[in-house]
Amino acid sequence: MSTSKADLMDVIAAVGGAYYQDFAAVAARHGLTPVQAKVLGAAVRAPLPMRALAEALVCDASNVTGIVDRLEARGLVRREAGPQDRRVKIVTATDEGREAILAVREDMKSVHDALDRLDASERDTLHEILQKLLPELSQASAQGH
């Protein structure tokens, strides 16, 4: 019997929810809100313009300003002028910011325990499948679908 799309959607939602709960709880123990930790994680992957952060968070740019202000005050990120347009502010993680988000990810015991149930081949397969889904889901999210 083939697994239905509805069953897959339920499992994806449950896994996503459990991941988020672990992420939020661990971020709080590190003195970060979930949104601050998400911004920090994005800035660690690559320096991003403030507008791109707002789009990724699906929120107003003024909200991102406050989030980045608090992260910058803690020395976790810095703002730099954009190379092509100095009016554009690029958010870059500092070394302290990279250490902070790494600590959050390392402390996510529930997620680590769940992933430890998979062998290396299963993790590779899951990664490949999720990578295949991500572009479509990211595009739909960006378009507000």
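Two rings of Phe, Tyr or Trp count as a pair if their centres lie within 6.5 Å. With that in hand, here are some close-ups of this predicted model.

**View 1. The aromatic pair of helix α1, Tyr19 and Phe23.** A search of the whole structure turns up 1 aromatic pair. The ring centres of Tyr19 and Phe23 are 6.1 Å apart and the planes meet at 15°, so this pair is stacked. Planes under 30 degrees apart are what earns that label. Both residues sit in helix α1, 4 residues apart, which means that about one helical turn separates Tyr19 from Phe23. How exposed is each partner? Tyr19 is partly exposed, with a relative accessibility of 40%, whereas Phe23 is buried, at 10% relative accessible area.

**View 2. The open sheet, β1-β3-β2.** Here 3 strands form an open sheet in the order β1-β3-β2, and their pairing is antiparallel. The edges belong to β1 and β2, each of which pairs on one side only. Strand β2 (residues 77-81) is joined to β3 by 5 bridges, while 2 bridges link β1 (residues 48-49) to β3.

**View 3. A closer look at strand β3.** Which residues stand opposite Ile90 and Val91 of β3? Pro49 stands opposite Ile90, and Arg79 stands opposite Val91. Strand β3 covers residues 89-93, and 4 of its 5 residues are buried, so the rest of the structure largely encloses this strand. As a reminder while you look along the strand, side chains in a regular strand alternate between the two faces of the sheet.

**View 4. The largest pocket and its centre.** The volume of the largest pocket is about 2,500 Å³. Its lining is made up of 49 residues, and those nearest the centre are Val15, Gly16, Tyr19, Leu130 and Leu134. Tyr19 will be familiar from the first view, where its ring stacks with that of Phe23.

**View 5. The lining of the largest pocket, helix by helix.** Which helix gives the most to this lining? That is α7, with 14 residues. Helices that each supply at least two lining residues include α1 (5-29), α2 (34-45) and α3 (50-57). Further along the chain, α5 (95-106), α6 (109-115) and α7 (120-142) also supply at least two each. Sorted by class, the lining has 34 nonpolar residues, together with 8 polar and 7 charged ones.

Key
Residues are numbered from 1 along each chain as its sequence is written. This is a predicted model: local features need pLDDT of at least 70, side-chain atom pairs count only at pLDDT 80 or more; totals for chains, interfaces and linings use all residues. Side-chain values use heavy atoms; hydrogens and water are left out. Buried means under 20% relative accessible area, exposed over 50%, partly exposed in between (1.4 Å probe, protein chains only). Two strands pair if DSSP finds at least two bridges between them. On a 1 Å grid over the protein atoms alone, a cavity is a set of points where a 1.4 Å probe fits but cannot get out, and a pocket is an open set with protein on both sides within 12 Å along at least five of seven lines; lining residues have an atom within 4 Å of a point. Grid points are joined across faces, edges and corners, and a volume is the space filled by probe spheres set on the points. Ala, Val, Leu, Ile, Met, Phe, Trp, Tyr, Cys and Pro count as nonpolar, Asp, Glu, Lys and Arg as charged, and the others, Gly among them, as polar. Rings of Phe, Tyr and Trp (its six-membered ring) pair if their centres lie within 6.5 Å; planes under 30 degrees apart count as stacked, over 60 as edge-to-face and the rest as tilted.
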